[in-house]
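Subject: Structure for your review

Dear colleague,

Please find below the structure I promised to pass on to you. My findings follow directly after it.

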There are 2 protein chains.
Amino acid sequence: MTIERTRIDAEKLINFSTKALQKLGVPEEDAQITAHILVTTDLRGVDSHGVNHLASFYIKGIKEGRINVKPETKIFSQAPSTATMDGDQGLGFVVGHRAMMEAIHRAERTGAGFIAVLNSNHFGAAGCYAMMALEHDMIGIAMTNARTTSMVAPGSTKPAIDTNPLAVAVPAGKKPPFVLDMATSVVAGGKLEIARREGTSIPEGWAIDKEGKPITDPTKRVRGEGGLLPLGGTPKLGGYKGFGLGVLVEILCGVLSGSFASIPKESPPEARGKAGDHFFGALRIGSFLPVENFKKSMDEMIEAIEALPTLPGVKKIYTAGGYEAEVEKDRKANGIPLHSKVIEEFQELAKEVGIEYDL
Amino acid sequence: MTIERTRIDAEKLINFSTKALQKLGVPEEDAQITAHILVTTDLRGVDSHGVNHLASFYIKGIKEGRINVKPETKIFSQAPSTATMDGDQGLGFVVGHRAMMEAIHRAERTGAGFIAVLNSNHFGAAGCYAMMALEHDMIGIAMTNARTTSMVAPGSTKPAIDTNPLAVAVPAGKKPPFVLDMATSVVAGGKLEIARREGTSIPEGWAIDKEGKPITDPTKRVRGEGGLLPLGGTPKLGGYKGFGLGVLVEILCGVLSGSFASIPKESPPEARGKAGDHFFGALRIGSFLPVENFKKSMDEMIEAIEALPTLPGVKKIYTAGGYEAEVEKDRKANGIPLHSKVIEEFQELAKEVGIEYDL
């Protein structure tokens with residue numbers, strides 16, 4: 001199957017997305033922030049979390065009134081290094097950006113900053129927020145839960161939590177930054193969607209049905225019955241570790257933000273955390289050791305990993321984020337490849353909101 | 001094969017271990033701390049990291065001069081929430097305990113405390129340090145690297161890092177605390193040791209040989225060639241995530257503490273971080289939301305997980321730490337089962353250092 005893709009310039013894509021969001025009532029600065037995060041995600045090759053969801057997901061959410069375009073986010077703080085934030089049902093990108101900046105400001109002063117956020121929405125790729133710390137010479141942390149459930153606990157078949165991703169970004173010197181951005185399930189839900197759309201099978205070990213049997217036909221998956229396996233897979237291979245990491249994300253986002261506490265006990269897990277909750281953190285490297293020493297050591301460590309011997313057929317061993325940095329270089333120079341379906345959606349969107357289609 | 005085990009009272013075991021360590025020059029308080037951590041580990045069923053290593057590993061290390069019994073640990077701090085600590089080659093338990101207390105003190109004042117430690121030694125189970133935060137109504141974090149390498153990167157066969165465990169402990173109300181304590185490899189090295197000793201095979205997916213083929217005979221593993229797979233296993237099932245987590249632990253322990261920076265670039269990975277490096281963290285829950293709300297929500301979340309439907313043959317779905325809490329209850333009441341070989345080692349140890357064998 002040939003998939004038709006057109007390369008679109010990143011700057012043009014940011015401008016187009018900004019204008020579309022503004023037409024829906026998103027203030028200019030917030031629209032720019034959102035567009036920038038979405039396009040950055042595409043630049044790094046994480047196509048499942050980028051602009052392809054702009055029309056079908058975020059703009060739809062705004063039009064249906066689920067997303068507040070002018071959120072009055074509030075910060076509650078009882079200590080210099082920590083705070084909670086109420087996202088006022090805002091766009092996840094806007095809320096996430098404000099909360100991560102707050103974590104960075106606190107880390108600037110005390111060395112560490114941690115913000116738990118409730119009442120937000122889907123914020124795209126966690127890695128983008130973690131990476132905001134990089135230019136401040138900080139280690140960035142970002143994670144999120146979701147109102148849906150899709151991951152099963154080892155030994156069960158009913159989805160208990162979502163794929164609850166976590167991301168950590170660490171600056172290096174000459175080498176690209178370390179950026180780990182991972183669902184705590186074996187794969188993110190998007191990979192099943194892609195297989196379903198493209199009519200391909202999925203490997204054994206990604207998901208199970210309601211009897212606990214492996215699913216290889218992605219169309220066989222029924223919401224609420226069976227689900228994605230946690231990282232590690234079966235208990236024998238450490239599936240309880242992936243599930244434990246997923247529950248940890250749930251604790252830091254849903255419980256520590258106070259989101260869970262506002263929901264009655266008898267509510268189904270799906271209702272807990274009415275919208276998405278997040279957790280952000282920043283650690284200032286200079287408060288531990290001289291930044292230049294740290295970056296030099298990071299480069300050495302990354303170079304040592306890249307110099308590891310490879311198995312036949314493997315070109316290179318990457319540190320987390322290394323491959324994405326190569327994709328980013330290519331896409332910055334040559335544009336972001338967009339599926340013809342996404343291009344069509346953008347053309348319709350332009351007509352609908354009354355902006356010029358100039359991609 | 002029947003394995004002979006005798007149940008030994010935990011308090012007696014703490015007293016015996018304390019006295020043995022004191023005879024080797026460890027100050028009373030430090031000996032008590034060490035014995036307490038070792039026995040707590042056994043109480044929770046993590047036998048691979050408890051008293052069975054006392055004679056063969058820690059006391060051996062002291063006698064051979066690798067472990068400093070009177071470390072002058074030093075704290076370097078440039079910010080209220082963060083610090084680095086030089087462990088002066090002390091017992092990992094003593095250094096780890098001091099560093100975790102420092103993290104807790106800082107979190108008391110600012111909401112968050114993070115300490116990176118270099119020049120320490122093997123500190124037992126990471127979970128014990130994370131759990132020190134619980135009685136302070138804090139979330140505790142602990143991780144460690146090691147001077148050995150045993151985990152392979154996806155696509156390589158040469159071990160790149162150690163099994164680099166990480167632990168997070170979170171208090172609940174009536175329910176036992178959430179305690180995730182996991183190697184970032186599929187399994188900890190100890191599981192291979194046990195299989196080797198007991199002459200059993202290991203499941204496919206734990207380790208590979210130097211050609212990248214799965215090892216099922218644990219005696220086939222050669223140090224430095226092939227190794228343990230990262231959590232997730234193959235790249236298709238997310239092995240790069242487990243490896244990414246392992247590298248993250250290496251960054252927070254080895255790089256952020258300054259340990260890597262003191263090693264020349266051309267040194268083999270094995271030499272980096274002359275001894276073990278650690279990373280500890282504490283987040284004060286009360287600086288985010290009222291502690292009673294948090295604990296109530298934790299109980300609700302844990303109860304929701306325990307109420308999940310189970311697959312045939314599965315008795316109960318546990319949250320991380322739930323099973324260990326049940327083991328602890330039993331062992332506190334009925335004693336810790338020790339292998340006859342360990343009992344013999346203790347009898348020899350008693351003679352050697354001149355204390356009464358009173359277990």
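For what comes first, contact means heavy atoms within 4.5 Å, and an angle runs from 0 to 180 degrees between the N-to-C directions of two axes. Please bear in mind throughout that this is a predicted model.

With those terms in place, helix α7 of chain B (residues 239-255) lies across three strands of chain A, namely β5 (138-144), β8 (166-170) and β9. The helix runs at about 135° to β9(A).

The sheet in chain A is open and consists of seven strands, in the order β2-β3-β4-β12-β5-β8-β9, with mixed pairing. Its edges are formed by β2 and β9 (178-182) of chain A; each has a single partner strand, so one side of each lacks a neighbour in the sheet. On average, and with direction ignored, neighbouring strands here are turned by 10° against each other.

I looked further at strand β3 of chain A, which spans residues 82-86 and is mostly covered, four of its five residues being buried. Its pairings are as follows.

- With β2(A) (residues 74-79), β3(A) runs antiparallel, and four bridges join the two strands. A79(A) has T82(A) as its bridge partner in β3(A), and the hairpin that joins β2(A) to β3(A) passes through two residues.
- With β4(A) (residues 112-120), β3(A) runs parallel, and five bridges join the two strands. I115(A) in β4(A) is the bridge partner of A83(A). Between β3(A) and β4(A) the chain crosses through helix α4 of chain A (residues 92-110), and this β-α-β crossover is right-handed.

One residue of chain B also deserves a note. T319(B) is located in the loop between α8 (291-306) and α9 (322-334) of chain B. Is T319(B) buried or exposed? Its relative accessibility is 6%; since buried means under 20% relative accessible area, T319(B) counts as buried. Leaving aside residues up to four places away in sequence, T319(B) touches F178(B), I302(B) and I305(B), as well as V247(A).

Yours sincerely,

A colleague

Terms used: Residues are numbered from 1 along each chain as its sequence is written. Chains are lettered from A and ligands numbered from 1 in the order in which they are written. This is a predicted model: local features need pLDDT of at least 70, side-chain atom pairs count only at pLDDT 80 or more; totals for chains, interfaces and linings use all residues. Side-chain values use heavy atoms; hydrogens and water are left out. Buried means under 20% relative accessible area, exposed over 50%, partly exposed in between (1.4 Å probe, protein chains only). Two strands pair if DSSP finds at least two bridges between them. A crossover is right-handed if, with the strands pointing away from the viewer, the path from the first strand over the helix to the second runs clockwise.
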